[in-house]
Amino acid sequence: MFPTSIAGSLPKPSWLAEPNRLWPQWRLAGAELAAGKRDATLLALKLQEDAGIDIVTDGEQSRQHFVHGFLEQVDGIDFGRRVEIGIRADRYKAMVPTVTAALALKGRVHATEAQFARAHTTRRLKFTLPGPMTIADTIADAHYGDRVKLAFAFAELINREARALADDGVDVIQFDEPAFNVYMEAVKDWGIAALERAAEGLAATTAVHICYGYGIPANVEWKATLGAAWRQYEAIFPALSRSRIDQVSLECRNSKVPLELLALLAGKDVLLGAIDVATDAVETPEDVAAVIGEAMRYVPRERIIPCTNCGMAPMRRETALAKLTALGAGAKLARERFG
């Protein structure tokens, strides 16, 4: 009961990349960089296992960014033609590459890191991919001329890589869709359909991560404008409940999402964010168990998977490790208390 997982990313070691950065620069190159990524992946797996995390990830140690790590292996994108755009409904600005031709995969995207992680853990393995709506919101388009067409083009490519990851032995494939908390009508109109296309035919468990974002200043400032109760998910949870996706990951610890909204996800496993990634304050096991206990009012206990609110990539490593330990210990306490 209460198997633990994380949203996906962990901080990279300072010898591999700049610390405390969402878009860090690598500190190695060539063969040394490849070896460093493997070493960092081993470390990420070991730290999760030691902390009592049951469904582990590669920590996204081989990716500079959760979206652009995928885009680097896609033809039809000009990385030399970068433009500044507003993303997540102009929540913040970013310099992004431009789609200039029909999209196609260059080959496998994440085979090396997925197969390496699978070979070095006996625990269930989760691997994360950016979702099609979020990719379409994080890139400039000079070819398709239509955001829906662009998103479905990416969904085709994501699906091909997701199927290959399942063949690599990945147990859970999670699609990261932070755009789902911004474009509510579009989510219902075409976003979930694009997500289902990305997940089509997968034998692995499928998940979608839709939280309110990393603990970076732009997100913290935006969340301060959302009011006393974040009811945005009320508009999309019923549609997600009807979808073919198996699991939904969202932010609960220190968020203002009314937990009664979780009842709208009937039939889905809930990756319950019980660790706040927007603060360096480390949760206690009691804090984690309390979030689990509250969620049990709305979600069957067998469907609760304690998790982090979002990725930990920009966080200080010692803080992230302490929070992982609290997550594992808190789930253990919850098993003792509610089992």
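# Strand E6, three helices and a buried arginine

Q: Which residue of E7 stands opposite Val-172?
A: Thr-205 in E7 stands opposite Val-172. The model is predicted.

Q: How do you know that E6 and strand E7 (residues 205–209) pair?
A: Pairing takes at least two bridges between the strands. E6 and E7 are joined by five bridges, in the parallel sense. Five meets the cut-off, so the two strands pair.

Q: What makes strand E4 (residues 124–130) a partner of E6?
A: The same test of at least two bridges applies. E4 and E6 share five bridges, and the sense is parallel. They therefore count as paired. Lys-126 stands opposite Val-172 in E6.

Q: Why is strand E6 (residues 172–176) called largely enclosed by the rest of the structure?
A: Buried means under 20% relative accessible area. Five of the five residues of E6 are buried, so the strand is largely enclosed. Both faces are covered. Val-172, Gln-174 and Asp-176 are buried on one side, and Ile-173 and Phe-175 on the other.

Q: Why is Arg-63 called buried?
A: Its relative accessible area is 3%. The cut-off is under 20%. Arg-63 is therefore buried. Arg-63 sits in the loop between strand E1 (55–56) and helix H2 (68–71).

Q: What is Arg-63 in contact with, leaving aside its neighbours within four places in sequence?
A: Arg-63 is in contact with Lys-12, Trp-26, Asp-58, Gly-69, His-110, Phe-127 and Thr-128.

Q: Why are H9 and H10 called oblique to each other?
A: Helix H9 (residues 285–295) and helix H10 (residues 317–338) pack at about 55°, with axes 7 Å apart. Angles under 35 degrees count as roughly parallel, and 65 to 115 as roughly perpendicular. The H9–H10 angle falls in neither range and is not over 145, so the pair is oblique. Their crossing is right-handed.

Q: Which residues of H9 and H10 meet?
A: H9 brings Pro-285, Glu-286, Val-288, Ala-289, Ile-292 and Gly-293. Those of H10 include Ala-326, Leu-327, Leu-333, Arg-337 and Phe-338. The contact residues divide into 11 nonpolar, two polar and two charged.

Q: What makes H1 oblique to H10?
A: The axes of helix H1 (residues 30–51) and H10 come within 8 Å and cross at roughly 40°. That angle is not under 35 degrees and does not reach 65, so H1 is oblique to H10. H1 contributes Leu-43, Leu-47, Gln-48 and Ala-51 to the contact; H10 contributes Arg-317, Leu-321, Leu-324, Thr-325 and Gly-328. These residues divide into five nonpolar, three polar and one charged.

Terms used
Residues are numbered from 1 along each chain as its sequence is written. This is a predicted model: local features need pLDDT of at least 70, side-chain atom pairs count only at pLDDT 80 or more; totals for chains, interfaces and linings use all residues. Side-chain values use heavy atoms; hydrogens and water are left out. Axes are lines fitted to C-alpha atoms, for helices over the stretch in contact, and angles run from 0 to 180 degrees between N-to-C directions. Helices (H or I, at least four residues) and strands (E, at least two) are DSSP runs, numbered from the N terminus. A crossing is left-handed if the near helix is turned anticlockwise from the far one by less than a right angle, and right-handed if clockwise. Contact means heavy atoms within 4.5 Å. Ala, Val, Leu, Ile, Met, Phe, Trp, Tyr, Cys and Pro count as nonpolar, Asp, Glu, Lys and Arg as charged, and the others, Gly among them, as polar. Buried means under 20% relative accessible area, exposed over 50%, partly exposed in between (1.4 Å probe, protein chains only).
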